[in-house]
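Work through the exercises below with the sequence and the structure open beside you. Try each task before reading its solution.

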Amino acid sequence: MLQLAALLIVALGLAHSYLGERYILTRLFRRADLPKVLGSTDFTKQTLRFAWHITTVAWFGIAALVLAVIQGQLNSQAALRSIGYTAIASGLLPLVFTRGKHLSWLVMFAIGGLALKASAA
């Protein structure tokens with residue numbers, strides 16, 4: 001049952017990113033009335049894009065936790081590793097999409113690093 005749950009979680013994340021990009025974000029970005037943040041709509045678009053796709057990253061992190069349960073390896077270290085890698089992967093999105101202008105990547109990397117450090121202790 002949990003293997004199917006993990007598979008469905010990954011499928012949900014993939015569908016969310018693909019369908020959201022295709023049917024919501026691209027249509028939203030065609031609008032002429034998007035707010036200008038930091039002087040342009042590009043920052044607004046890229047912030048919305050990474051915020052949308054970060055949900056998929058979170059779902060993948062949850063799937064990793066379910067897999068750890070299946071393998072009988074869900075302990076505090078495994079949970080912290082999953083949280084750490086999920087936070088780092090989440091931080092890559094604003095770093096790449098906004099070229100580092102959205103500073104949330106700093107916090108996400110700090111969370112990830114701290115969680116990974118704690119998992120090794």
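The model is predicted. Of the 121 residues of the protein, 33% count as buried.

**Exercise 1. State how many helices and strands the protein has, and give the order of its elements.**

Solution. Counting the elements gives four helices and zero strands. Read from the N terminus on, the order is α-α-α-α. Along the principal axes, the C-alpha atoms fill a box of roughly 50 × 30 × 15 Å.

**Exercise 2. Check whether the distance between the end C-alpha atoms of helix H3 agrees with its number of residues.**

Solution. Step one: H3 covers residues 76–97, which is 22 residues. Step two: the expected span is 1.5 Å times one less than the number of residues, so H3 should span 32 Å. Step three: the end C-alpha atoms of H3 are 32 Å apart, which agrees with the expected span.

**Exercise 3. Describe what is found at the two ends of H3.**

Solution. At the N-terminal end, asparagine 75 acts as a cap. One of its side-chain oxygens lies 3.0 Å from the backbone nitrogen of glutamine 77. Just after H3, arginine 99 has a positive phi of about 55°.

**Exercise 4. List the buried residues of H3 and name helices that cover them.**

Solution. The buried residues are Ala78, Ser82, Gly84, Thr86, Ala87, Ser90, Gly91, Leu93 and Pro94. Their cover includes helix H2 (41–70) and helix H4 (104–120). In an α-helix there are 3.6 residues a turn, so residues three or four places apart point the same way.

**Exercise 5. Decide how H3 is oriented relative to H2 and to H4.**

Solution. Begin with H2. The angle between H2 and H3 is about 165°, and their axes are 9 Å apart. An angle over 145 degrees counts as roughly antiparallel, so H2 and H3 are roughly antiparallel to each other. The crossing of H2 past H3 is right-handed. Residues of H2 in this contact include Phe50, Ile54 and Val57, and those of H3 include Ser82, Thr86 and Leu93.

Next take H4. H3 and H4 pack at about 160°, with axes 7 Å apart. They are therefore also roughly antiparallel to each other. H3 passes H4 in a left-handed crossing.

**Exercise 6. Is alanine 118 buried, partly exposed or exposed?**

Solution. Alanine 118 is in helix H4. Its relative accessible area is 38%. Buried means under 20% and exposed means over 50%, so alanine 118 is partly exposed. Its C-alpha atom is separated by 29 Å from that of threonine 98, 20 residues apart along the chain.

Methods: Residues are numbered from 1 along each chain as its sequence is written. This is a predicted model: local features need pLDDT of at least 70, side-chain atom pairs count only at pLDDT 80 or more; totals for chains, interfaces and linings use all residues. Side-chain values use heavy atoms; hydrogens and water are left out. Buried means under 20% relative accessible area, exposed over 50%, partly exposed in between (1.4 Å probe, protein chains only). Contact means heavy atoms within 4.5 Å. A polar contact is a pair of N or O atoms within 3.5 Å; within protein, one must be able to donate a hydrogen and the other to accept it, and residues adjacent in sequence count only if both atoms are side-chain atoms. Axes are lines fitted to C-alpha atoms, for helices over the stretch in contact, and angles run from 0 to 180 degrees between N-to-C directions. Angles under 35 degrees count as roughly parallel, over 145 as roughly antiparallel, 65 to 115 as roughly perpendicular and the rest as oblique. A crossing is left-handed if the near helix is turned anticlockwise from the far one by less than a right angle, and right-handed if clockwise.
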